[in-house]
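Welcome to a short tour for newcomers. Keep the structure open beside the text and follow along at your own pace.

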Amino acid sequence: MVEAASGFVAWLGVSLVVLSDGRRGLALGMALGALGLAGVSLPAAEPIGAIALVAGGAVAAARRFTAGPAGWAVMPAGSTPRLVLCVAGGLLALWVGVAVMTGSGGALRFAVMSVVGLTGARALAGENASVVQTALALLAVAIGAGAGLAPHTLIVWTYLAAGLVAAAVTWLPDRVQRAA
Amino acid sequence: MLPESIELLAFAAASLVFALAFAPALAPRRALAVQGGAGLAGTAAVAAAPAFDLAVLGLMLLAVLQAAVGGKRTFAACLKAPGVAVALLALAALFARAEGPDLLQRFAAVGLAAGLAAAVGLLPYLHTFDPEEPIAASPVAWLAYIGPVVAAVIVADAHGLLTADAGAAFGAVLIGFGLVNMAWGSVGAWLTENTGAAWRYSFAADWGLALSGFGITLADGRRAALLVLFTVVLGRLPLYLVSGRSGKAPVTDRPINLLVAAALAGSAPFAGFAARVLLLRGATQLFWPLALVLALGMLLWLPGSLRLGRSLGIPRRRQAVGVALVLAANVAAGLYPLPLLAAAGL
């Protein structure tokens, strides 16, 4: 039950990232997405891995809360295609992750698939640096969570690396210098 | 780290030294050294990553760092294709690991091949390009500096992620992408108006050969891919840097221009020729009509290479030394490629 709820929270978070253009909306989406992904990862990641994902997401959300276009800007005019993308993407991820794929970890597969797909689409369509940075930070957390499906022994390092990359992506300046 | 990756990293390091020593100073050399060194370190981190997920995370960090370098494109525009690449690779890993019907593995194979193409900046995911952009911020850095190592890592990891059947599908998709890039890249290098864009298309055409080599799951295919990547990193990239890139140099028809055109076209005795022979041999062993298609595609290199060779103008002083070194290295690798192949364990 906790896993299913976490999967829904992750989808809700990534949907906010897709639907928002303002820093507050993006920050809330980032925080919810990371929290949901940490929740679905808990059985495989154990507390240390889940904490790494949440911490990385929290740092990224804090950065986004302090920098970027002002306000919430959730579902601004002309965002209907994005809303359709979120709903259709979520349904597709739910069907593939739970019905087509088999075995345990359905919530993890649904959450990772929906977050990776929707953040990839956001990175492709985004025109603003803060939007793309937030999408990539959440994508990094999802990649870390996806390691829970892998049989390798470096899984804890992957969670830690994902948290670090998520934090770094949003804190890096969007331009170091203007070259000729 | 794979021997192939180590060798490709060494090629990239050599191309950085070449850029610092011989390329026209369009940007401060110290900035180029710092940015190139950081790119090399990031690429090495991707190559050394002990797990696929870590390599993909490293790739993302590398893309963000490159986007932070000042260029003509916006930050968001720089990250579109790499962002899609990372998402495709992550989805492919998920599909490869999940239990379920065999079709999932096929989707994973397509995702890995598409992610590779997007990461490098090949068709159908060409990065936005501005010929006036500094090389460190340009998509050419992905095509000829970071991309070869990333491709070697993805191909190696794909064989660990996919089943044998899906591995064959992965090879087939790579060959498909390779043929498209060969045709589109070589025709684009020939017919596009802007000389800088023509150089970019010529990189894509060379990558078509490399992808076909990776897709031919025989030793000759891998050998051909390595030699093609050698010609990209230590042939086409240095010549592109020396050319001044924007195509503002006067067009000339001196012997040096014809020599450069021959090297770019993969004529004997340059390294590109050995790569093409190996590729055709591998394709013949795998499925002979493929060799026929590849041979026909290779003919398309000639007009574009002649154009690019002529656009070099007459190199003088330091640039002339650089061009001579590049041609000599490519002749040496073409006449005796065995040490390169042996060092990569091929």
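## Chain A and its long-range contacts

In chain A, 72% of the contacts between residues at least 6 apart in sequence join residues at least 24 apart. Please keep in mind throughout that this is a predicted model. It scores ipTM 0.94 and pTM 0.94.

Chain A is built from 6 helices and 0 strands, and its elements run α-α-α-α-α-α from the N terminus on. The radius of gyration of chain A is 15 Å, close to the 16 Å that the globule rule gives for 180 residues, so chain A is as compact as a globular protein of that length. Of its 180 residues, 59% are buried.

## Two helices side by side in chain A

How do α1(A) and α4(A) lie relative to each other, roughly parallel or roughly antiparallel? The axes of helix α1 (residues 2-19) of chain A and helix α4 (residues 106-125) of chain A come within 9 Å and cross at roughly 5 degrees. Angles under 35 degrees count as roughly parallel, and α1(A) and α4(A) are therefore roughly parallel to each other.

On the α1(A) side, the residues that make this contact are Glu3(A), Ala4(A), Ser6(A), Gly7(A), Ala10(A), Trp11(A), Val14(A), Val17(A) and Val18(A). Facing them from α4(A) are Ala107(A), Phe110(A), Ala111(A), Ser114(A), Val115(A), Leu118(A), Thr119(A) and Arg122(A). By class, the contact of α1(A) with α4(A) has 11 nonpolar, 4 polar and 2 charged residues.

## A look at Gly39(A)

Now find Gly39(A), which sits in helix α2 (residues 23-66) of chain A. Is Gly39(A) buried or exposed? A residue is buried if 20 or more other C-beta atoms lie within 10 Å of its own. Gly39(A) has 25 other C-beta atoms within 10 Å, so Gly39(A) is buried.

Not counting residues up to four places away in sequence, Gly39(A) touches Val2(A), Glu3(A), Ser6(A) and Val9(A). Glu3(A) and Ser6(A) also appear in the contact of α1(A) with α4(A). Another residue of that contact is Ala4(A); Gly39(A) and Ala4(A) are 35 residues apart in sequence and 9.1 Å apart in space, C-alpha to C-alpha.

## Moving to chain B

Chain B has 15 helices and 0 strands. It averages a pLDDT of 91, and 98% of the residues score at least 70. For 346 residues, a compact globule would have a radius of gyration near 20 Å, and the 19 Å of chain B agrees with that.

Here are some values for the two chains.

| Chain | Box of C-alpha atoms along the principal axes | Buried residues | Contacts (at least 6 apart in sequence) that join residues at least 24 apart |
|---|---|---|---|
| Chain A | roughly 50 × 35 × 30 Å | 59% of 180 residues | 72% |
| Chain B | roughly 60 × 45 × 35 Å | 63% of 346 residues | 77% |

## A helix pair in chain B, and Tyr145(B)

In chain B, the axes of helix α1 (residues 3-22) and helix α9 (residues 219-242) come within 10 Å and cross at roughly 10 degrees. That angle makes α1(B) roughly parallel to α9(B). Among the residues of α1(B) that take part are Phe11(B), Ala12(B), Ser15(B) and Phe18(B), while α9(B) contributes residues including Leu226(B), Phe230(B), Val233(B) and Leu237(B). The contact of α1(B) with α9(B) has 16 nonpolar, 1 polar and 1 charged residues.

Which residues does Tyr145(B) touch, leaving aside its neighbours within four places in sequence? They are Ala12(B), Ser15(B), Gly39(B) and Leu237(B). Ala12(B), Ser15(B) and Leu237(B) are also part of the contact between α1(B) and α9(B). Tyr145(B) itself belongs to helix α6 (residues 140-161) of chain B, and counts as buried because 27 C-beta neighbours lie inside 10 Å. The C-alpha atoms of Tyr145(B) and Ala76(B) are 21 Å apart, with their positions 69 residues apart along the chain.

## Where the chains meet

Finally, turn to the contact between the chains, which takes 34 residues from chain B and 45 residues from chain A. On the side of chain B that touches chain A, α3 (52-68) and α4 (75-97) each supply at least two residues. The largest share of that side, 13 residues, comes from α4(B). By class, the side of chain B that touches chain A has 26 nonpolar, 4 polar and 4 charged residues.

Technical notes
Residues numbered from 1 in each chain as written. Chains lettered and ligands numbered in written order. Predicted model: local features only at pLDDT ≥ 70, side-chain atom pairs only at ≥ 80, totals over all residues. Contact = placed C-beta atoms within 7 Å. Helix = DSSP H or I, 4+ residues; strand = E, 2+ residues; numbered from the N terminus. Nonpolar A, V, L, I, M, F, W, Y, C, P; charged D, E, K, R; others polar. Axes fitted to C-alpha atoms, helices over the stretch in contact; angles between N-to-C directions. Parallel < 35°, antiparallel > 145°, perpendicular 65-115°, else oblique. Rg over C-alpha atoms; globule rule 2.2 N^0.38 Å. Buried ≥ 20, exposed ≤ 12 C-beta atoms within 10 Å, placed from the backbone. pLDDT = per-residue confidence, 0-100.
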